[in-house]
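Work through the exercises below with the sequence and the model open. Each task is followed by a solution in steps.

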Amino acid sequence: QSAPTNFNELADTVLAAMTKRAEELKIQGAALVAYIEGDTTKSWSSKMVVVGSMKKNPTEKNKGSNLLAIAYAKAAEMAETFKDSGKAGRPPMTGELGWQGGLIKKGRTGYLIAAFSGGPSESDLKVSQAGLDILAEKL
């Protein structure tokens with residue numbers, strides 16, 4: 001089985017909405033959407049966009065952040081738990097961060113994921129919600 005034929009087009013619309021929300025919140029980072037067909041994670045279709053910058057540069061006190069890697073870690077955690085990122089109800093596994101900012105919802109034919117990394121968790125969640133709302137309408 002494959003994602004709905006309109007997923008790439010829909011993903012563009014969703015990512016544009018997530019970009020707009022991030023810009024309103026004055027945060028930069030990486031946004032992604034994914035669609036898992038069915039009830040188990042065997043494959044997914046996904047698309048991402050960089051909003052301003054996909055990294056935070058290192059400083060003397062901080063090693064920096066690859067925001068794209070963090071967004072995909074959030075999505076991967078959700079693909080395994082089927083719960084919003086940071087809400088697994090168990091300690092993070094190796095490869096997971098356990099950070100909030102990603103949302104998952106059961107759609108009509110599979111699971112819908114929206115994740116953002118770049119701002120505080122509360123802001124990341126607002127950006128993800130902007131994407132998930134559109135996905136849930138269509139899938």
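**Exercise 1. Asn6**

Locate Asn6 relative to helix 1, and decide whether Asn6 is buried, partly exposed or exposed.

Solution. Step 1: Asn6 sits in the segment that precedes helix 1 (7–24). Step 2: the model is a predicted one, and in it Asn6 has a relative accessible area of 35%. Step 3: the buried class ends under 20% and the exposed class begins over 50%, so a value in between means partly exposed. Asn6 is therefore partly exposed. Step 4: compare sequence and space. Asn6 is 132 residues from Lys138 in sequence, while their C-alpha atoms are 9.7 Å apart.

**Exercise 2. The sheet**

Give the strand order of the open sheet and name its edge strands.

Solution. Step 1: the sheet has 4 strands, in the order 2-1-6-5, and the pairing is antiparallel. Step 2: strand 2 (45–51) and strand 5 (102–106) each pair on one side only, which makes them the edge strands. Step 3: from one strand to the next the twist averages 10 degrees.

**Exercise 3. Pairs within the sheet**

How many bridges join strand 1 to strand 6, and how many join strand 5 to strand 6?

Solution. Step 1: strand 1 (residues 29–37) runs antiparallel to strand 6 (residues 110–117), with 8 bridges between them. Step 2: within this pair, Val33 is opposite Ala114 of strand 6. Step 3: strand 5 and strand 6 are also antiparallel, over 5 bridges. Step 4: Lys105 has Leu112 of strand 6 as its bridge partner. Step 5: strand 5 and strand 6 form a hairpin, and 3 residues lie between them.

**Exercise 4. Helix 2**

Which strands does helix 2 touch, and which of its residues are buried?

Solution. Step 1: helix 2 (residues 67–81) packs on the sheet, in contact with strand 1, strand 2, strand 5 and strand 6. Its direction and that of strand 6 make an angle of about 150 degrees. Step 2: check the length. The 15 residues of helix 2 reach 21 Å from first to last C-alpha, close to the 21 Å expected at 1.5 Å a residue. Step 3: count the covered positions. In helix 2, 11 of the 15 residues are buried, including Leu67, Ile70, Lys74, Glu77 and Met78. Step 4: look at the start of the helix, where a side-chain oxygen of Asn66 comes within 3.1 Å of the backbone nitrogen of Leu68.

**Exercise 5. Thr81 and Phe82**

Decide whether Thr81 is buried or exposed, and state where Phe82 lies.

Solution. Step 1: Thr81 belongs to helix 2. Its relative accessibility is 16%, so Thr81 counts as buried. Step 2: leaving out residues up to four places away in sequence, Thr81 touches Ala88 and Arg90. Step 3: the Thr81 side chain also reaches the backbone nitrogen of Lys83, at 3.1 Å. Step 4: Phe82 follows helix 2 and lies in the loop between helix 2 and strand 5. Phe82 is partly exposed, at 27% relative accessible area.

**Exercise 6. Positive phi**

What is the phi of Phe82, and what is the phi of Lys26?

Solution. Step 1: most residues other than glycine have a negative phi. Step 2: Phe82 is not a glycine, yet its phi is positive, at about 60 degrees. Step 3: Lys26, also not a glycine, has a positive phi of about 60 degrees. Step 4: Lys26 is in the loop between helix 1 and strand 1, and Lys26 is exposed, with a relative accessible area of 75%.

**Exercise 7. Helix 3 and the cores**

What covers the buried residues of helix 3, and which helix gives the most to the largest nonpolar core?

Solution. Step 1: the buried residues of helix 3 include Val127, Leu132 and Leu135. Step 2: their cover includes helix 1, strand 1, helix 2, strand 5 and strand 6. Step 3: the largest nonpolar core has 21 residues, of which Val14, Met18, Val33, Phe116, Leu135 and Leu139 touch the most other members. Step 4: helix 1, strand 1, strand 6 and helix 3 each supply at least two residues of this core, and helix 1 gives the most, with 7 residues. Step 5: another core, of 13 residues, lies apart from it, with Ala30, Ala71, Met78 and Ala79 among them.

Note on methods
Residues numbered from 1 in each chain as written. Predicted model: local features only at pLDDT ≥ 70, side-chain atom pairs only at ≥ 80, totals over all residues. Heavy atoms only, no water. Pairing = 2+ DSSP bridges. Axes fitted to C-alpha atoms, helices over the stretch in contact; angles between N-to-C directions. Contact = heavy atoms within 4.5 Å. Expected span 1.5 Å × (residues − 1). Buried < 20%, exposed > 50% of the residue type's maximum accessible area, 1.4 Å probe, protein only. Polar contact = N/O pair within 3.5 Å; in protein donor to acceptor, adjacent residues only side chain to side chain. Core = buried A, V, L, I, M, F, W, Y, C linked by side-chain atoms within 4.5 Å.
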